[in-house]
Amino acid sequence: MSEFQCIDSTQAVALLEDGAGVVDIRDPQSFSQGHISGSFNLSNENMHQFMHDADMDKPLLVCCYHGISSQSAAQFLAEQGFDRVYSINGGYEAWRAEQSNYCEKI
């Protein structure tokens, strides 16, 4: 897949339960106030290490604030070689409202 797909939170939960990874591209303060359980706070500063360590065959969910910025990040990750990349519609705000049992704080 050289392109990403947009999915809703219910579809994302199914992928998570099947072992998908999650990256959250929001700022560290927002991430610490709440994020999808098991997600990695991806930034320009840790991108290289993430790419080095990542399993590119595993599905990858991308989350931002409202589902807009995650689309360009998801496209970038797909172009880097991730096989299956998904942007979560509505971002963390929708996720928190719809899937609160999958949220955690630092």
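Gln5 lies in strand β1, and it is there that I should like to begin. Please bear in mind throughout that what we are looking at is a predicted model. Is Gln5 buried, partly exposed or exposed? With a relative accessible area of 40%, Gln5 is partly exposed, because that value falls between the limits of 20% and 50%. If we set aside the neighbours within four places in sequence, Gln5 is in contact with Val85, Tyr86 and Ser87. Gln5 and Cys103, by contrast, stand 98 residues apart in sequence, and their C-alpha atoms are 22 Å apart in space.

Let me turn to helix α1, which covers residues 9-17. Which of its residues are buried? They are Ser9, Ala12, Val13, Leu15 and Leu16. Looking down the axis of α1, we find these buried residues within an arc of 165°, so they line one face of the helix. Thr10 and Glu17, on the other side of α1, are exposed.

What, then, covers the buried residues of α1? The cover includes the strands β1 (5-7), β2 (21-24), β3 (35-36), β5 (60-63) and β6 (85-88), together with helix α5 (91-98). Strand β1, where we began with Gln5, is thus part of that cover.

The two ends of α1 also deserve a word. At its start, a side-chain oxygen of Asp8 comes to within 3.1 Å of the backbone nitrogen of Thr10. After the helix comes Gly19, which has a positive phi, near 100°.

A further residue to consider beside α1 is Gln99, located in the loop between α5 and β7 (103-104). Its relative accessibility is 12%, and Gln99 therefore counts as buried. Leaving out residues up to four places away in sequence, Gln99 touches Ser9, Thr10 and Val13. With Ser9 there is also a polar contact, in which the two side chains are joined at 3.2 Å. Ser9 itself is among the buried residues of α1.

I now move to the aromatic residues. How many aromatic pairs does a search of the whole structure find? It finds 2. In one of them, the ring centres of Phe40 and Phe50 are 5.4 Å apart and the planes meet at 20°, so this pair is stacked. The pair links distant parts of the chain, with Phe40 in strand β4 (residues 40-41) and Phe50 in helix α3 (residues 47-53), 10 residues apart. As for accessibility, Phe40 counts as partly exposed at 35%, whereas Phe50, at 14%, counts as buried.

Phe50 also forms a stacked pair with Phe82, at 5.9 Å centre to centre and with 15° between the planes. Because Phe50 lies in helix α3 and Phe82 in the loop between α4 (69-79) and β6, this pair ties together parts that are 32 residues apart in sequence. Here both partners, Phe50 and Phe82, are buried. Through these ring pairs, Phe40, Phe50 and Phe82 are linked into a cluster.

Finally, I would draw your attention to Arg26. Over which rings does Arg26 lie? One is that of Tyr92, where the charged end of Arg26 sits 4.2 Å from the ring centre. Another is that of Tyr65: Arg26 lies over its face, at 6.0 Å from the ring centre.

To close, I return to two points. The buried residues of α1 line one face of that helix, and ring pairs link Phe40, Phe50 and Phe82 into a cluster. Thank you for your attention.

Conventions:
Residues numbered from 1 in each chain as written. Predicted model: local features only at pLDDT ≥ 70, side-chain atom pairs only at ≥ 80, totals over all residues. Heavy atoms only, no water. Buried < 20%, exposed > 50% of the residue type's maximum accessible area, 1.4 Å probe, protein only. Helix = DSSP H or I, 4+ residues; strand = E, 2+ residues; numbered from the N terminus. Arc of directions from axis to C-beta. Contact = heavy atoms within 4.5 Å. Polar contact = N/O pair within 3.5 Å; in protein donor to acceptor, adjacent residues only side chain to side chain. Phe/Tyr/Trp six-rings, centres within 6.5 Å; stacked < 30°, edge-to-face > 60°. Lys NZ or Arg CZ within 6 Å of the ring centre and 35° of its normal.
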